[in-house]
Amino acid sequence: MSDHPRDRFDLAPHQDAERAFTDALSRGRLHHAWMLTGVEGVGKATFAYRAARRLLGAEPDPSRGELGARPMDPVSQLVSAQSHPDLMILERAGEGAKLKRNISVDQARELPEFFSMSPSRARYRVAIIDAADDLNMNAANALLKVLEEPPERGVLFLVTHAPGRLLPTIRSRCRRLNFPNWSVEALGALVSRQAGLPDEEASRIAAMAAGSPGAALILAGDQMLELDRLARGWVNEGRGDVAEEIALSAKFRGADGAENFERLFDRLLAAVKDRAASSSGREAAAWSETWSRLSVMPDQVSGINLDRADVLAAAMAEIGRAQRIGAA
C-alpha cells in the first residue's frame with residue numbers, strides 16, 4: 001500500500017462523510033469549499049483524493065466504497081501521476097524528500113488563476129490543500145480571497161488537523177466534515193489485513209496509533225513493535241544491554257538518524273507515561289517528573305543541535321533515577 005493518499009483506493013475513510021458528499025453532489029447542492037477535520041492520519045486526505053476523482057469523472061467502483069473508483073481508469077491514473085490538468089495540490093513538499101517549512105503565499109496565489117480557467121477535461125476544477133494548517137498568514141489571506149468569491153465549477157478541499165488554527169473567516173466559508181478516530185478494533189483489523197501481522201501484534205500497534213489508520217500502517221511497517229519492546233524493557237526492567245544502545249546510537253546518524261531517534265523517543269515517552277499511570281505515591285511522582293524531563297529532549301536535539309546518542313544517555317539516566325526511587 002502506497003503511503004500517499006492519492007494512490008489509496010481500498011481505504012474508505014468514513015462512510016458518513018462520503019455519503020454526505022455524494023448526497024450534496026447528486027442533489028446539485030455541492031459546496032465550493034470543504035473543511036476536512038480530524039487527527040492526522042485518520043483519512044482526510046484520502047477522502048479528498050477520492051472525492052476529487054469522482055468530480056474529475058473517474059468511473060465509480062462501488063466495491064471500493066461510496067466514492068470508490070477504478071485504479072486503472074484514465075482519470076485515476078492521471079491523478080496518481082500528478083498530471084491531471086483540472087487538479088491542483090497545495091502542500092509543503094519541496095524538491096526531493098525535503099519538506100518546506102510551510103505552504104507559501106506564492107503557492108496560494110496560484111489558486112485564483114487556476115480557478116479562473118474553465119475545466120479542460122472534467123466538469124469541475126479541484127484543489128486540495130494538504131494541510132491548511134501549513135498555510136502561512138499571507139497564504140491564508142490569499143486563500144480567503146478565493147473563498148470570498150467562490151469559483152464557478154470549482155471545489156476546494158482543506159485538510160486540517162487543527163481547525164482552530166485557521167482564520168475564523170476561512171472556517172465560516174467552508175462546509176465541515178469531521179472524521180472521527182477509528183476504534184482500536186477497527187485499526188487492529190486494518191493492520192492485520194494490510195500488513196499481514198498476527199492479531200496480537202496488530203492489536204498492540206492499534207493501541208499505539210491513537211485512532212489514526214495512517215499512523216497504524218506506518219507503525220506496522222517501521223519496526224515500531226521492536227522499538228516499543230526495547231523502550232518498555234528499559235523502563236520496566238532496567239537499562240539492559242549497553243551494546244544494544246551503542247548499536248542504536250549508530251542508527252541516529254546519517255539520513256534516517258532524526259527519524260529513527262524520534263520513533264524511539266516516542267515509544268520511550270509512551271512507556272514512561274504508562275509506568276507513571278500504573279504507579280502510586282512517590283514512585284508515580286518520580287515517573288511523572290521523568291516524563292516531563294524527557295518530553296523536552298527531542299526539541300532540544302533539533303533546537304540546539306545536541307548529539308542524539310548523548311541525549312539518549314541522558315534519558316537513560318533519568319529513567320534510572322526514577323527506578324531507584326521506585327525501588328527505595
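Which residues are buried in helix H9 (residues 199-208)?

## Helix H9

In H9, the buried residues (under 20% relative accessible area with a 1.4 Å probe, protein chains only) are Ala 202, Ile 205, Ala 206 and Met 208. They sit on the same side of H9 because they cover an arc of only 155 degrees around the axis, taken from the directions from the helix axis to the C-beta atoms. Helices here are DSSP runs of H or I, at least four residues, numbered from the N terminus.

Turned away from that buried side are Asp 199, Glu 200 and Ala 207, which are exposed (over 50%). After H9 comes Ala 210, with a positive phi near 55 degrees.

## About the model

This is a predicted model, where local features need pLDDT of at least 70 and side-chain atom pairs count only at pLDDT 80 or more, while totals for chains, interfaces and linings use all residues. Residues are numbered from 1 along each chain as its sequence is written, and side-chain values use heavy atoms, leaving out hydrogens and water.

## Helix H14

Let's turn to H14. Helix H14 (residues 281-295) has 15 residues and reaches 21 Å from its first C-alpha to its last, close to the expected 21 Å (1.5 Å times one less than its number of residues). Ala 284, Ala 286, Trp 287, Thr 290 and Leu 294 are buried in H14. These buried residues fall within an arc of 160 degrees seen down the axis, so they line one face of the helix. Gly 281 and Arg 282 are exposed on the face turned away from the buried side of H14.

Key
Helix = DSSP H or I, 4+ residues; strand = E, 2+ residues; numbered from the N terminus.
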